[in-house]
Amino acid sequence: MELETDVLVIGGGMAGLAAACSAADAGASVIVVRKGHGATADSSGAIDIAGYLPGGNTPFQSGREGLRAITGLFPYHPYSVLGQESTETGSQFEKALERVEHSVNMLKKWLSGTPAETIGSLERNISAVTVLGTSKPTSLLQKTMLPPDWDDDSILLFEGFAGNPDFNAVLAAKTFMAERARVGEPPKKIADSELTLSPFGKPYNVSPVEIARHLDHPGGTAFLADSLSKDVERTGATHIALPPILGLKTPAENRRILEDRLDVQVFELLSFPPSVPGLRLLRSLDNTLAGLDVRILEAHEAMNYEQSGNRIVRVQCKTHHRSLDILPDSVILASGKFIGGGITGSENGLSERLFGLPVVSEDWTSTDGIRPQRLTRPISINSRGHALFACGVAVDMHLRPLDGSGNTFAENLFSAGSVLAGYNYPVEKSGLGVALATGVFAGTNAAHALQEE
Ligand SMILES: Cc1cc2nc3c(=O)[nH]c(=O)nc-3n(C[C@H](O)[C@H](O)[C@H](O)COP(=O)(O)OP(=O)(O)OC[C@H]3O[C@@H](n4cnc5c(N)ncnc54)[C@H](O)[C@@H]3O)c2cc1C
């Protein structure tokens with residue numbers, strides 16, 4: 001079977017979905033092939049633009065400040081690439097800022113009215129609270145995750161669920177209390193508690209996704225409010241921090257029910273996988289794409305390609321039950337890194353799986369023949385991060401991957417997201433931000449390339 005399309009997007013995480021949305025917005029017909037679950041679904045759902053410089057301990061006050069520092073210090077960082085078109089001195093930052101700002105505005109538009117409706121800006125980083133009780137700087141948060149205002153009289157209750165191994169309310173409360181005391185900011189009174197919710201049967205291995213699905217059912221949130229009321233009464237809580245369980249479909253409505261019934265303010269913490277907000281983000285973007293007539297082919301893996309001259313003319317995809325050839329005018333590679341599966345490692349080094357593109361390390365040298373372990377440091381948590389996370393494909397100023405000689409691999413192939421080299425998202429806190437901004441830029445470039453033909 002064969003399908004024709006203007007733009008084929010390989011990968012359905014943040015980068016691929018943003019690329020697909022922007023190409024479709026620009027009038028192109030788009031198909032997305034998605035092998036499976038990537039890092040986006042596992043993420044906390046908070047969209048980090050720039051939190052820290054690698055090795056730095058002081059968070060950026062805003063995404064704008066981070067972009068200025070990164071584009072000034074790292075000329076081949078994906079954010080800097082977004083500004084490369086500009087040749088005037090100092091204006092690389094301005095161009096990059098304009099492009100990132102545009103992508104943020106597009107995302108807010110695409111997510112408006114969805115369960116992942118997002119707020120925030122490049123003007124101020126938000127100090128989001130995690131399930132560990134620590135804080136992290138981020139630029140955009142889903143509305144139900146924004147920490148509310150509190151003062152010295154506020155009492156914040158960390159509420160856990162018996163059997164949910166991902167959140168320990170006692171430890172989170174302790175860590176949060178210590179951090180508040182260190183910075184001298186409210187709230188000063190913190191409590192913790194744990195609920196046992198009987199509908200789940202025996203309270204062990206209760207997944208947050210399971211709780212979220214329960215809250216989406218009629219009566220689910222009202223039941224939770226009744227169960228929480230004793231803890232609110234006992235502790236005098238004015239605010240409640242919950243792990244992110246407020247529903248996959250109607251989180252804002254569920255939060256409103258809790259707040260109305262308990263007369264408190266409620267917010268969700270940032271958490272590890274399985275992440276309800278990560279899933280909300282992915283599903284919301286999938287729905288936006290459906291509204292733009294974009295087809296997402298689930299469980300389809302791009303396995304092979306055919307090149308004619310300097311163009312990719314055919315991509316072969318497979319599922320367990322069929323084989324499909326897609327004939328695209330432009331292709332966007334947004335296949336992720338190790339979790340998504342775009343890049344893989346063996347004793348022979350790292351490789352990009354579909355096109356066999358060269359994979360470079362953080363110093364832009366080839367990773368051929370380098371065992372992946374050699375790209376890590378002995379101490380796992382390290383403020384400089386691990387070189388492994390900065391590995392990926394090198395690109396030109398239009399985000400077209402380069403071959404081993406530094407030439408464009410194919411004139412109609414673009415790439416976006418964590419398959420790219422040159423940034424270390426775990427230490428920078430820039431993961432979904434880079435995926436979003438490069439995705440939007442790659443989608444626009446792919447659509448414009450069609451008009452130039
Ligand atoms: C645990 C965790 C928490 C994180 N938390 C945050 C956070 O709080 N904030 C933040 O900003 N960032 C966070 N990140 C980083 C962020 O999630 C990633 O940087 C971002 O999601 C990368 O998006 P992507 O689209 O490039 O890749 P992915 O989301 O990995 O998507 C890649 C897609 O490509 C598909 N694919 C791969 N190969 C093929 C193929 N051959 N054919 C078809 N499909 C293919 C995969 O199935 C997948 O759908 C976190 C990451 C992790 C792992």
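Colleague: Which helices and strands each supply at least two residues of the shell around the ligand?

Modeller: In this predicted model, the helices are α1 (14–25), α2 (39–42) and α12 (431–452), and the strands are β2 (30–34) and β12 (301–308).

Colleague: What makes a residue count as surrounding the ligand?

Modeller: One of its heavy atoms has to lie within 4 Å of the ligand. That gives 34 residues here, and the closest are Thr40, Ser44, Ala46, Ser418 and Leu432. By class, the shell has 13 nonpolar, 15 polar and six charged residues.

Colleague: Why is the pair between Gly36 and the ligand called a polar contact?

Modeller: The cut-off is 3.5 Å between N or O atoms. A backbone N or O atom of Gly36 sits 2.9 Å from an oxygen atom of the ligand, so the pair qualifies. A polar backbone atom of Met14 is 3.2 Å from a ligand oxygen, so that pair passes too. With Ala302, a polar backbone atom is 2.9 Å from a nitrogen atom of the ligand, and therefore this one also counts.

Colleague: How much of the ligand's accessible area does the protein cover?

Modeller: On its own the ligand has 1,000 Å², and the protein covers 92% of that.

Colleague: Now the whole protein: how do you know that its radius of gyration agrees with a compact globule?

Modeller: For 453 residues, a compact globule would come out near 22 Å; the protein has 23 Å, so the two agree.

Colleague: And what share of the residues is buried?

Modeller: Buried means under 20% relative accessible area, and 55% of the 453 residues count as such.

Key
Residues are numbered from 1 along each chain as its sequence is written. This is a predicted model: local features need pLDDT of at least 70, side-chain atom pairs count only at pLDDT 80 or more; totals for chains, interfaces and linings use all residues. Side-chain values use heavy atoms; hydrogens and water are left out. A polar contact is a pair of N or O atoms within 3.5 Å; within protein, one must be able to donate a hydrogen and the other to accept it, and residues adjacent in sequence count only if both atoms are side-chain atoms. Accessible areas come from the Shrake-Rupley method with a 1.4 Å probe; for residues, only the protein chains shown count as cover. Helices (H or I, at least four residues) and strands (E, at least two) are DSSP runs, numbered from the N terminus. Ala, Val, Leu, Ile, Met, Phe, Trp, Tyr, Cys and Pro count as nonpolar, Asp, Glu, Lys and Arg as charged, and the others, Gly among them, as polar. The radius of gyration is taken over C-alpha atoms; the globule rule is 2.2 Å times the number of residues to the power 0.38. Buried means under 20% relative accessible area, exposed over 50%, partly exposed in between (1.4 Å probe, protein chains only).
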